[in-house]
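Work through the following exercises with the structure open beside you, and try each task before reading its solution.

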There are 4 protein chains.
Amino acid sequence: VKRHSSGPGQRMDIRGIYPPIATPFTQKELVDYHKLEENLNKYSKIPFRGFVVQGSNGEYAYLTSEERVEVVRRVRQAVPKDKLVIAGSGCESSMATVQMSDQMAQAGADAVLVVTPCFYRGRMDSRALIHHYTQVADACPVPVILYNVPGNTGLDLPVEAAVTLSQHPNIVGLKDSGGDITRIALIIHKTQNQDFQVLAGSAGFLLAAYSVGAVGGICALANILGQQVCQLEQLCVSGQWEKAKALQCRLIEPNAAVTRKFGIAALKQTMDWFGYHGGNCRSPLCPLTESETKQLRSDFTSNGWL
Amino acid sequence: VKRHSSGPGQRMDIRGIYPPIATPFTQKELVDYHKLEENLNKYSKIPFRGFVVQGSNGEYAYLTSEERVEVVRRVRQAVPKDKLVIAGSGCESSMATVQMSDQMAQAGADAVLVVTPCFYRGRMDSRALIHHYTQVADACPVPVILYNVPGNTGLDLPVEAAVTLSQHPNIVGLKDSGGDITRIALIIHKTQNQDFQVLAGSAGFLLAAYSVGAVGGICALANILGQQVCQLEQLCVSGQWEKAKALQCRLIEPNAAVTRKFGIAALKQTMDWFGYHGGNCRSPLCPLTESETKQLRSDFTSNGWL
Amino acid sequence: VKRHSSGPGQRMDIRGIYPPIATPFTQKELVDYHKLEENLNKYSKIPFRGFVVQGSNGEYAYLTSEERVEVVRRVRQAVPKDKLVIAGSGCESSMATVQMSDQMAQAGADAVLVVTPCFYRGRMDSRALIHHYTQVADACPVPVILYNVPGNTGLDLPVEAAVTLSQHPNIVGLKDSGGDITRIALIIHKTQNQDFQVLAGSAGFLLAAYSVGAVGGICALANILGQQVCQLEQLCVSGQWEKAKALQCRLIEPNAAVTRKFGIAALKQTMDWFGYHGGNCRSPLCPLTESETKQLRSDFTSNGWL
Amino acid sequence: VKRHSSGPGQRMDIRGIYPPIATPFTQKELVDYHKLEENLNKYSKIPFRGFVVQGSNGEYAYLTSEERVEVVRRVRQAVPKDKLVIAGSGCESSMATVQMSDQMAQAGADAVLVVTPCFYRGRMDSRALIHHYTQVADACPVPVILYNVPGNTGLDLPVEAAVTLSQHPNIVGLKDSGGDITRIALIIHKTQNQDFQVLAGSAGFLLAAYSVGAVGGICALANILGQQVCQLEQLCVSGQWEKAKALQCRLIEPNAAVTRKFGIAALKQTMDWFGYHGGNCRSPLCPLTESETKQLRSDFTSNGWL
């Protein structure tokens, strides 16, 4: 597997499926590195392209700077060399993002995933975002992947900004979790000469994203149904669209349940059911209520996964 | 072509591409039936499945009740028998919708398209919408198609409401203009035993909709690039996904330009450019500014359509 | 009481409190004019400035054109000459609004209240809205009041549009139901030389609106607690702010309950409790559930009104 | 001036006006403590109740943890003992917020201002927020003030959560920057037995907030027109409502210009015009464009402030 660009104009190939891994905590809400490694060991049987450390599902917003870097280091050590480690290095300021990206690269990340800053969202227009990402990509020792997650940020990376940024030699792609398939198709179309790679940010629209030219997915659901998400990838890549459709449809409700509907607490609860270490989130994220847990289970059983 | 259900449990087949036709007006803002018929004549060479009269692009919200029915009558008279005429009969009250649906059926509509009522959107929950559509479908002499267009209504028909309504023998399908492909896939999945047919409400996500099981599209862009939208349908239906993707991508910007971005005035302006009668909208919809017209043209030229 | 302008530059004075009256229906959902008149008789003891017929609470969106005019006629006949009758004449098209305004004026309306058209909200910018209201005000035989109700329309009349329109000799004021007090204050400030009168569109922020210069209110809650809303007016007008504050605060939850929270069905349910004719709404508006009814009652009892 | 509670059930009195001070940076984007102190010196002539360090206008989201504490320390050293120093200590996790609050208290903060965590806003319901604030308030050595700023967080602290939290002995009040005056009045009403103090989070609705019972304001505009904002406070407190109204109205556009409309870059640009140190923001916040600067100036000149 080629991981880094080997010549001018050639970019790191990031095709494939990645789980944005969860961060297990101890009773005292400290990072439980042991459980983290056990999860990674269990994932080793699944044909993932690599792992995303500190996507939104990793509760990165709740980790200290030191923890963020340390988790990346531990993951890099725990997984085989041929697996890509993509690290979420986004911070609100450009300065902090530059520094975090560098530290994560030093800790072994093969690429960094940089979420749109969003606290001052009223001013995060194309100009500001292009400025931000350019500073980060200029300074970063490893390739940069843009990260658009409007459900959390309340902000959609403008198409024109994505297109402009696709021309930067150190920006290799985009993770889009918004799920607006028209927008995803348009970005792919307008960057088609740039070798710019788009990854679906959710298993809910993975097939549709492949149908318009995406090359992979970073899918929370892959933490639980990793084998199945990889199978969906294979069906799409090999053009078996009818089978893909049948599988895709059975993944939508489970996926929604562990993301938009009930959030990370549901992701972790389900990981426990499937033999991984999930456990509690850091506060203020609360455990599910009993009624939510029941609905969560039903979203898996009614689709035949439990 | 079979248009009506011929036995118990069998529903009208609505597969295919439909332009939601525009309504031409005279200088005095009266409906120009002559120009309307000329447009329909020009459309006769295109392999449309039929015509949607008074989708949102038909400015139905600006027509009187009498005009709404009369336009349906004229269209039915002008187009060949084997073309379906689907008439937008939605009103805010159930009572008015029942009546309008009946009048449009008498005027020759093969089916009616019923938009979600929305003025009191805070109370338009599943209960209210199921109640509304059930009354309409019970009374309507022709099949009913649900119509979800959140961009105009500020309301998303809940998935559970669509699933419940799919079981009504006189509700045959859904036009979804929201473009949330995960939601569209889920509705198709959850109604798969109901012979419930989903139509994409826009050319922007037509390929993606086909990829998850939609059976056609009601696409504003088909008023202008009808041949091309039908070609995209054929590529999807025959499984030529790579060619479909290339064509789909070239349609996104033109489609956005005549819908979300610049609205019906842009649709009509472009119709003029392509040899149809577009003309002005009814007030308060204004003609495009010069700068908007320039951008509109550019969205067509940069994709090779002008 | 002076109702109409008596000289150049002098506008109709619309100060005071108005209930936006509800429309009672029979079991068959026909307008019950008898009950309507009985309600008006009961209101005659309350020092209202007048009545608003077909604000959003009047279910105007569910009435036919004929019913809309007829309700105005009946109200005008039923109430004393010295009470203003303000009729909601807004339609989506300018043409229909011009016509409806004229018919309502003929039926006896002293002024018309014109909601922002909203179905094509993406294009309802200042240009379109100024165009719309200017046409209506030019043609209308009675004064025009602008009506901003973003909760229903999904649209906020831009401040600059309100300021421009305030200069039209036949536009006398604005009903603002949005409740953004900063915006209300700014509009009052920027129209201070125009004799432009702003009415609060809800009892929830009536005191605050007076504090920044509003001159009255059109308040759903006045259908039920009319005496109290008029008392609040008096306290504000006479500068008894502490007493006003105490009364205002007790009105917020009841007001929210019969508007935003539970809608018109709650307004009508509460009217029944208070000795007026409320009854059912037209479909698709549903009666309250049992649990909603309980909460509604509690919002009145906990504030000492039931 | 009494600052701390002196007995059981008595809370810190936080009445008055506070500027949420800006953070000046050097050319290299480091905190410029010297300029910060010069600003504070200039503010010493204005009858502020105190200073808010690291409200949203302080770019706290762009500061490191160390910088956040250090800025508090410097401000405490620079301002007279009788001025309250309120420090924004909110972080996304409860754990980090507890720690930051403690450090800021050690650095001399008289109270802390804790913004609603928001990155996982879909799960930040009353349960989560009550849990969060309770942990923070239990542990915090100084009083806690809730901070609701939906414009940045995309989240509104639920009224019921505010009411529950008002009963905590170490939670003394709320800064509400949302500007929904009905909501503000309701919170004041429902906490009236708790000695719970509400501060307006903006000069745009300061008068209206006083009219319903607020006791002060934390107003970005006070960084520039501090004397005037304090004067408005005096007019409200002394019941001179007509004069208050006239002054209030002239502050709305300048206030909007340096907050919602153009953001912190505008605040700092205007500070430069008024003799304070403003300067650039940290990236990715960009300087104003020329056209924005022109509009900004006009929003001050047209109201007579420049």
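**Exercise 1: Chains that do not meet**

In this predicted model, chain A and chain C are joined by no contact, and their closest C-alpha atoms lie 18 Å apart. Task: find how far apart the nearest C-alpha atoms of chain B and chain D are.

Solution. Look for the nearest C-alpha atoms of chain B and chain D, which are 18 Å apart; these two chains do not touch.

**Exercise 2: The build of chain A**

Task: decide whether chain A is as compact as a globular protein of its length, or not, using its radius of gyration.

Solution. Begin with the secondary structure of chain A, which comes to 12 helices and 9 strands. The radius of gyration of chain A is 18 Å, and since the globule rule gives 19 Å for 306 residues, a value close to it, the chain is as compact as a globular protein of that length. Next, consider the box filled by the C-alpha atoms of chain A, which is roughly 50 × 45 × 40 Å along the principal axes. Finally, note that buried residues make up 66% of the 306 residues in chain A, and that, of the contacts in chain A with a separation of 6 or more, 73% are between residues 24 or more positions apart.

**Exercise 3: Two helices within chain A**

Task: classify how helix α1 (residues 33-43) and helix α2 (residues 65-78) of chain A cross.

Solution. The axes of these two helices come within 10 Å and cross at roughly 40 degrees, which makes α1(A) oblique to α2(A). The crossing in which α1(A) passes α2(A) is right-handed. On the α1(A) side, the residues that meet α2(A) are Tyr33(A), Leu36(A), Glu37(A) and Leu40(A), and their partners in α2(A) include Glu67(A), Val71(A) and Arg74(A). Sorted by type, the residues of this contact of α1(A) with α2(A) are 6 nonpolar, no polar and 4 charged.

**Exercise 4: Two helices from two chains**

Task: classify how helix α7 (residues 181-190) of chain C and helix α10 (residues 241-261) of chain D cross.

Solution. Here the axes come within 9 Å and cross at roughly 110 degrees, which makes α7(C) roughly perpendicular to α10(D). The crossing of α7(C) past α10(D) is left-handed. Among the residues that meet are Leu186(C) and His189(C) in α7(C), and Arg250(D) and Ile252(D) in α10(D). The residues of this contact of α7(C) with α10(D) divide into 4 nonpolar, 2 polar and 3 charged.

How values were computed. Residues numbered from 1 in each chain as written. Chains lettered and ligands numbered in written order. Predicted model: local features only at pLDDT ≥ 70, side-chain atom pairs only at ≥ 80, totals over all residues. Heavy atoms only, no water. Axes fitted to C-alpha atoms, helices over the stretch in contact; angles between N-to-C directions. Helix = DSSP H or I, 4+ residues; strand = E, 2+ residues; numbered from the N terminus. Parallel < 35°, antiparallel > 145°, perpendicular 65-115°, else oblique. Left-handed = near helix turned anticlockwise from the far one by under 90°. Contact = heavy atoms within 4.5 Å. Nonpolar A, V, L, I, M, F, W, Y, C, P; charged D, E, K, R; others polar. Rg over C-alpha atoms; globule rule 2.2 N^0.38 Å. Buried < 20%, exposed > 50% of the residue type's maximum accessible area, 1.4 Å probe, protein only.
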